[in-house]
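Work through the exercises below with the sequence and the model side by side, trying each task before reading its solution.

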Protein chains: 2
Amino acid sequence: MPNGLESKTERAIEILDAADALIGEVGYDAVSARDIAARAGVNKALVFYYWGSKAELFDKILERYYQAHRQALAGAFEAEGSTRERIHRVVDAYLDFMEQHRVYPRLIQQQLTGGGTHREAVLRHLAPFFDWTLLQLAEVTPRTGPLAARQFYLTISGIVTGYFTYAPALDSRWDGDPMSAEALDERRAHVHWMVDTLLSALDAESEKQEKSRD
Amino acid sequence: MPNGLESKTERAIEILDAADALIGEVGYDAVSARDIAARAGVNKALVFYYWGSKAELFDKILERYYQAHRQALAGAFEAEGSTRERIHRVVDAYLDFMEQHRVYPRLIQQQLTGGGTHREAVLRHLAPFFDWTLLQLAEVTPRTGPLAARQFYLTISGIVTGYFTYAPALDSRWDGDPMSAEALDERRAHVHWMVDTLLSALDAESEKQEKSRD
DNA sequence: TCAGACTTTGACCGCTCGGTCAAACCTTTC
DNA sequence: GAAAGGTTTGACCGAGCGGTCAAAGTCTGA
């Protein structure tokens with residue numbers, strides 16, 4: 001599983017990891033090269049020695065996540081089983097990845113809602129997921145209108161990522177930690193129920209459509 | 001409709017508006033007092049003369065949005081009609097507000113995903129909406145588990161806000177501008193269909209529950 | 001007309017930022 | 001043991017930051 005980072009020394013990766021964690025916590029602009037060096041326990045100049053600039057370092061962080069995310073979804077994208085099974089598989093892989101890399105949704109959202117100079121990179125990475133969803137849903141959704149596949153793409157993305165963005169803010173009103181293993185399992189069950197419910201409703205909708213066509 | 005800003009001069013509000021727009025575009029950290037002054041067409045020192053500090057200025061921006069949002073939802077919160085009607089009313093008010101203040105979801109997400117020192121303020125503001133949703137859904141959802149009201153709160157929030165976060169990034173793959181009036185209408189119809197579908201499914205779920213109890 | 005109160009300005013301050021660089025410090029090799 | 005090449009350091013740079021301030025400009029009421 002090459003990610004273009006194998007040639008880098010251990011030290012370089014330590015710096016990358018430190019930057020990754022810090023930027024996830026407080027955002028790109030709020031993190032300084034000094035902060036990164038301090039977290040990694042090295043001299044600030046090393047950050048530039050290994051990564052050239054703060055922007056390039058951030059590029060590499062995003063690229064590492066994209067690569068890992070792509071890889072995590074690759075297996076799930078294989079077209080076996082019913083539509084329902086396939087969607088469940090991808091949603092599960094998506095949730096798995098989010099749970100294992102909680103900084104990731106934060107980085108993406110920071111890019112999308114901030115001045116992020118990496119907006120195009122985010123799109124380039126989101127695109128395959130978007131295309132796959134459109135392809136898979138083509139047979140169960142109308143081609144256009146409020147029930148078109150693209151709407152469900154955004155809906156499901158919102159459901160999955162929204163939890164990781166909003167739940168931590170609500171933890172004082174939650175019963176327990178919304179990021180605990182139990183809470184995440186409960187969320188997963190909720191998302192599964194949602195997917196099943198939506199697919200059933202779409203079935204019913206297309207039957208209705210066919211009847212009215214007679 | 002007092003918002004605590006009536007005592008401020010026109011000039012002060014111009015500065016607030018400039019800061020509002022800029023921060024929405026590129027984020028709090030990336031905007032300087034010089035940028036704000038330039039956008040407002042005034043001397044930088046005026047920013048501090050009227051608002052004290054950059055942080056206080058940002059507080060006021062958030063407060064103004066919160067106040068407007070609260071006001072926009074106030075009418076919708078009144079408990080008339082069926083659960084379905086009430087939820088539709090609030091969701092519509094939510095969508096209306098988002099459409100009219102497109103910077104708002106960006107600011108909130110910036111706070112939640114960045115180092116935002118205003119996290120507690122965001123929660124304080126989110127709380128009434130959360131509580132209202134729990135109250136309204138109490139009679140149609142189980143008290144605990146994957147179909148509990150709190151899950152639907154996050155799900156619906158994610159569906160509504162996710163669109164405004166993700167759709168602009170996908171506009172090159174959309175057919176037309178996802179933020180155009182027509183696209184937003186289509187999205188609204190989608191959300192309405194979602195709400196109806198979920199409420200029906202919850203009905204069916206509770207009937208199933210009752211039968212298995214016999 | 002002029003005093004007094006508010007507005008607005010440009011110059012300035014201390015500080016932190018991203019980034020550079022030459023020198024010092026390892027290792028490895030012969 | 002010294003040449004050589006990569007690694008690590010602290011000192012330094014110019015630029016931009018948030019914020020201050022004294023002075024100049026403007027308005028108003030007596």
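For sorting residues by class, Ala, Val, Leu, Ile, Met, Phe, Trp, Tyr, Cys and Pro count as nonpolar, Asp, Glu, Lys and Arg as charged, and the others, Gly among them, as polar. The model is predicted, and local features need pLDDT of at least 70, side-chain atom pairs count only at pLDDT 80 or more, while totals for chains, interfaces and linings use all residues. Residues are numbered from 1 along each chain as its sequence is written, and chains are lettered from A and ligands numbered from 1 in the order in which they are written.

**Exercise 1. Describe the surface near DNA strand D, and then the surface near DNA strand C.**

Begin with the criterion: a residue is near a strand if its C-beta atom, placed from the backbone, lies within 6 Å of it. By this criterion 16 residues surround DNA strand D, the closest being A:Asn43, A:Ala45, B:Ser32, B:Ala45 and B:Ser53. Sorted by class, the surface near DNA strand D holds eight nonpolar, four polar and four charged residues.

Next, assign the residues to elements, where helices (H or I, at least four residues) and strands (E, at least two) are DSSP runs numbered from the N terminus. At least two residues each come from α3 (44–51) of chain A and from α2 (33–40), α3 (44–51) and α4 (54–77) of chain B.

Finally, turn to DNA strand C, which is surrounded by 16 residues, with A:Ser32, A:Ala45, A:Ser53, B:Asn43 and B:Ala45 the closest. Here the elements giving two or more residues are α2 (33–40), α3 and α4 (54–74) of chain A, together with α3 of chain B.

**Exercise 2. Determine how chain B is related to chain A, and what each chain brings to the contact.**

First superpose the copies, by least squares on the C-alpha atoms of residues with pLDDT of at least 70 in both. A rotation of 180° with 0.0 Å of shift along its axis places chain B on chain A, with an RMSD of 0.0 Å, and that is the relation of a two-fold axis. Among the residues of chain B, B:Gly158 comes closest to the rotation axis, its C-alpha lying at 2.2 Å.

Then examine the contact, counting two residues as touching if their C-beta atoms, placed from the backbone, lie within 7 Å. Chain B and chain A contribute 46 residues each. On the side of chain B that touches chain A, α8(B) gives the most, with eleven residues, and the residues of this side divide into 22 nonpolar, 17 polar and seven charged.

**Exercise 3. Check the length of α4(B) and find where its buried residues pack.**

The expected span of a helix is 1.5 Å times one less than its number of residues. For the 24 residues of α4(B) this gives 34 Å, which agrees with the 34 Å between its end C-alpha atoms.

A residue is buried if 20 or more other C-beta atoms lie within 10 Å of its own, exposed if 12 or fewer, and partly exposed in between, with C-beta atoms placed from the backbone. The buried residues of α4(B) are B:Leu57, B:Phe58, B:Lys60, B:Ile61, B:Leu62, B:Tyr65 and B:His69; they pack against α1, α3, α5 (83–100), α6 and α7 of chain B.

**Exercise 4. Summarise the fold of chain A.**

Count the elements: chain A has nine helices and zero strands. Of its 214 residues, 33% count as buried. Its C-alpha trace spans about 75 × 40 × 30 Å along the principal axes.
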